[in-house]
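Reader: Could you walk me through one part of this model up close, namely the place where the ligand sits? I'd like the surroundings and the contacts in plain words.

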Amino acid sequence: PVLRVALMGLGGYASRVAESIQSCKRVKITGLISGTPEKLQTWRKKYNVPESSCYNYQNFDNIKSNKDIDVVYVITPNALHHNHTIRAARAGKHVICEKPLAISAKEGKEMVEACKKAGVKLLVGYRMHFEPTTLEVIRMRSNGEFGSIKFFQGLCGFRIGDPAQWRLNKALAGGGSMMDIGIYALNGSRYMVGEEPVWVTAQETKTDPVKFKAGVDETIQFQLGFKSGATASCLSTYNMNYLDKFFLNGEKGFAEMQPSIGYGPIKGRTHKGAVDAPIVVHQTVQMDEMAAIILDGKKPVVAVDGEEGLKDLRIIEAIYQAAASGKKIML
Ligand code: NAD
């Protein structure tokens with residue numbers, strides 16, 4: 001069977017997802033949700049979606065009676081994920097929600113619970129969890145090829161433009177670079193080291209308090225400590241272009257990825273040489289794999305469920321707390 005997806009929030013990333021789905025083997029766009037009638041018209045024609053499967057934010061709860069939709073893919077600004085996910089779950093649909101899962105751990109937990117209660121699956125749009133170079137480095141690490149892991153470095157950022165955009169509005173974004181791009185370094189440190197952190201420390205730097213208002217971080221450095229004694233040192237920023245690098249070192253060897261989380265191609269190198277893995281369109285692979293998770297119960301190598309999204313939110317809150325207090329926060 002094919003996974004029939006309704007896309008919600010027809011913005012920049014949804015456009016990329018929609019195009020990528022065209023090459024999927026097991027995914028089809030069968031519904032659209034948008035607050036802009038003109039967008040619904042253009043998208044509907046482009047992707048061949050019947051008018052009866054187009055909704056707006058007022059009436060999308062009616063999706064409940066739509067037999068042609070299995071899952072709602074929530075691609076709206078961060079602060080809206082909570083409401084949109086819970087409503088989709090209550091309508092009996094599985095949910096794929098973009099990262100970050102929500103703007104707080106409390107909201108994330110409510111989303112996980114709502115989906116559980118409704119008996120639907122909740123997945124987070126962590127596309128790197130399906131990216132072949134990433135998976136090859138994870139395989140090598142699990143196989144002991146780097147030895148016991150001691151250190152990870154994750155550097156993620158870009159220079160953000162338009163000061164009026166939702167990403168720079170605390171109410172809609174829930175924070176700044178950390179919520180949006182730093183989450184990749186955090187999430188990456190967990191799947192690269194292969195452990196959960198037990199403490200965090202963090203420092204914030206702000207060079208432009210006009211563009212980056214209170215609660216919207218421009219740059220955050222954070223450190224994580226793991227039970228094994230491994231540590232991670234990460235940087236999240238909205239003020240440097242082309243910052244996209246992972247570095248992992250163990251007792252026996254290293255892996256380096258640059259770019260590491262951009263749309264690709266991802267490039268990997270280890271002490272053994274270049275990482276040989278296919279170059280793919282991330283979202284095409286992600287969506288086909290998510291079809292297998294939802295329809296066949298397939299277990300991914302790295303979890304992408306709501307709990308996984310919630311783990312990152314809990315650590316992000318600790319990072320913000322550590323940056324504000326200057327204290328080491330135990331997790
Ligand atoms: P965007 O601004 O391009 O699109 C957001 C869409 O939401 C727009 O169509 C907008 O009209 C709609 N929207 C609905 N209600 C809104 C409201 N009240 N205020 C503002 N917009 C509203 O943003 P985007 O880059 O597509 O990001 C959307 C989500 O996707 C974010 O959560 C982001 O973190 C995530 N994202 C993920 C990736 C990835 O690689 N996984 C990449 C980019 C964005």
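**Around the ligand**

Author: The ligand fills the space that is the largest pocket. A pocket here is an open set of points on a 1 Å grid over the protein atoms alone, where a 1.4 Å probe fits and protein lies on both sides within 12 Å along at least five of seven lines; a molecule sits in one if more than half of its atoms lie within 2 Å of its grid points. Before going on: this is a predicted model, where local features need pLDDT of at least 70 and side-chain atom pairs count only at pLDDT 80 or more, while totals for chains, interfaces and linings use all residues. Residues are numbered from 1 along each chain as its sequence is written, and side-chain values use heavy atoms, with hydrogens and water left out.

Why does the ligand lie between domain 1 and domain 2? Both domain 1 (3–125) and domain 2 (128–278 + 305–330) give residues to its shell, so that's where it ends up; the bounds come from an automatic or database domain assignment. Two elements, α1 (12–21) and α7 (177–193), each give two or more residues to that shell. Helices like these are DSSP runs (H or I, at least four residues).

There are 22 residues around the ligand, and Gly12, Tyr13, Asn78, Lys99 and Arg127 come nearest (a heavy atom within 4 Å counts as near). Sorted by class, the shell has 10 nonpolar, 6 polar and 6 charged residues.

Now the polar contacts, meaning pairs of N or O atoms within 3.5 Å. His81 has a side-chain N or O atom 3.0 Å from a ligand oxygen, and a polar side-chain atom of Arg167 also lies 3.0 Å from an oxygen of the ligand. Thr76 uses its backbone instead: an N or O atom there is 3.2 Å from a ligand oxygen. On its own the ligand has 830 Å² of accessible area, and the protein covers 77% of that (Shrake-Rupley method, 1.4 Å probe).

One last detail at Lys99: its peptide bond to Pro100 is cis, with omega near -15 degrees. Most peptide bonds are trans. Pro100 sits in the loop between β5 (94–97) and α4 (105–118); strands are E runs of at least two residues.

How values were computed: Polar contact = N/O pair within 3.5 Å; in protein donor to acceptor, adjacent residues only side chain to side chain. 1 Å grid on protein atoms, 1.4 Å probe; cavity = no way out; pocket = protein on both sides within 12 Å on 5 of 7 lines; lining within 4 Å. Nonpolar A, V, L, I, M, F, W, Y, C, P; charged D, E, K, R; others polar.
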